[in-house]
Amino acid sequence: MDLTATFNNVLEAVSQWLPEAFVEQPIDYSWPFISALLGMLIGALFAARYCRKLALQSHQAVQKQVQVSEKKRIDGFLQALQVESKIVFDHYENRIGLDIEQLKEEELLLQSYPQNSDCFSVYNSNTALIGQIPDAALRLQIVRANTLFKAMLTSLQINTQQRDEYLRLLEKSEVSQAPIDASKASKQLKILKRQGPLLKREHLLSKVQMLKMLSMLQAYSQAK
């Protein structure tokens, strides 16, 4: 290949880097000129490579910082969830759970248990983070345990409403002494008796899943 043509092509490619006065001058293809041009090109290549390396390192550093921040958010959420779940479940077990487990066949659960709607504040306000938990089994267990436990508390509320209706009908029948009122109270009593075994099964199922979740959260915390 003609050396003059080669360097003309090179010079045209880099002419934007050169002063206008330099480009317009006649080109002397002497060895000093060629050496200077090669040095400039090699320097430009190294500079471009160095810039790309710096850009890549900067991008990697940003990505790493994002990952570290995200991990801290997830770890903080799981730690708070563990504390919240243990407090809520221990309180439930020591009050409601013991009463349900001691129910005999067709025995009524007549106690009333006021519930705090904010007892799942950590879980409810951070559901978007659950999908980012790296442990798939832990993700599934958190959703399963909380879903079943919430369903259990809903069933408990329904039982309380049915109990209140039964007590109302019973009081009405005692005052009126009317057979129709006594019949209504009797029907409501049968509903309550069927509700007892269902509550007991739901309680035992949710208890097993909550205890499993707490155990997995503890293991995750210790493995960090």
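Where is Val83 found? In this predicted model, Val83 turns up in helix α3. With a relative accessibility of 47%, Val83 falls below the 50% mark for exposed and above the 20% mark for buried, so it counts as partly exposed. Val83 also has a partner worth pointing out: Val122 sits 39 residues away in sequence, and the two C-alpha atoms are 9.6 Å apart in space.

Helix α3, which spans residues 31-101, also contributes to the aromatic side of the story. The count of aromatic pairs comes to four. A pair of aromatic rings is described by the distance of the centres and the angle of the planes. For one of the pairs, Tyr92 with Phe149, the ring centres are 5.0 Å apart and the planes stand at 85° to each other. That angle is over 60°, so the pair is classed as edge-to-face. Tyr92 belongs to helix α3 and Phe149 to helix α6, so the contact ties together parts of the chain that are 57 residues apart in sequence. As for accessibility, both Tyr92 and Phe149 are buried.

These two rings have company. Tyr92 and Phe149 join Phe89 and Phe120 in one aromatic cluster. Phe120 has a charged visitor as well: Lys150 lies over the face of the Phe120 ring, at 5.3 Å from the ring centre.

Next comes the helix that carries Phe149 and its neighbour in sequence. Helix α6 covers residues 136-176, and helix α7 covers residues 179-223. How do the axes of α6 and α7 cross, and within what distance do they come? The two axes come within 7 Å and cross at roughly 160°. Since angles over 145° count as roughly antiparallel, α6 and α7 are therefore roughly antiparallel to each other. The crossing of these two helices is left-handed. Sorted by class, the residues in the contact of α6 with α7 are 24 nonpolar, twelve polar and eight charged.

Between the two helices there is a loop, and Gln177 is found in it. Is Gln177 buried or exposed? Its relative accessibility is 62%, which is over the 50% cut-off, so Gln177 counts as exposed. The backbone of Gln177 deserves a look too: phi is near 60°, a positive value in a residue other than glycine.

Conventions: Residues numbered from 1 in each chain as written. Predicted model: local features only at pLDDT ≥ 70, side-chain atom pairs only at ≥ 80, totals over all residues. Heavy atoms only, no water. Axes fitted to C-alpha atoms, helices over the stretch in contact; angles between N-to-C directions. Helix = DSSP H or I, 4+ residues; strand = E, 2+ residues; numbered from the N terminus. Parallel < 35°, antiparallel > 145°, perpendicular 65-115°, else oblique. Left-handed = near helix turned anticlockwise from the far one by under 90°. Nonpolar A, V, L, I, M, F, W, Y, C, P; charged D, E, K, R; others polar. Buried < 20%, exposed > 50% of the residue type's maximum accessible area, 1.4 Å probe, protein only. Phe/Tyr/Trp six-rings, centres within 6.5 Å; stacked < 30°, edge-to-face > 60°. Lys NZ or Arg CZ within 6 Å of the ring centre and 35° of its normal.
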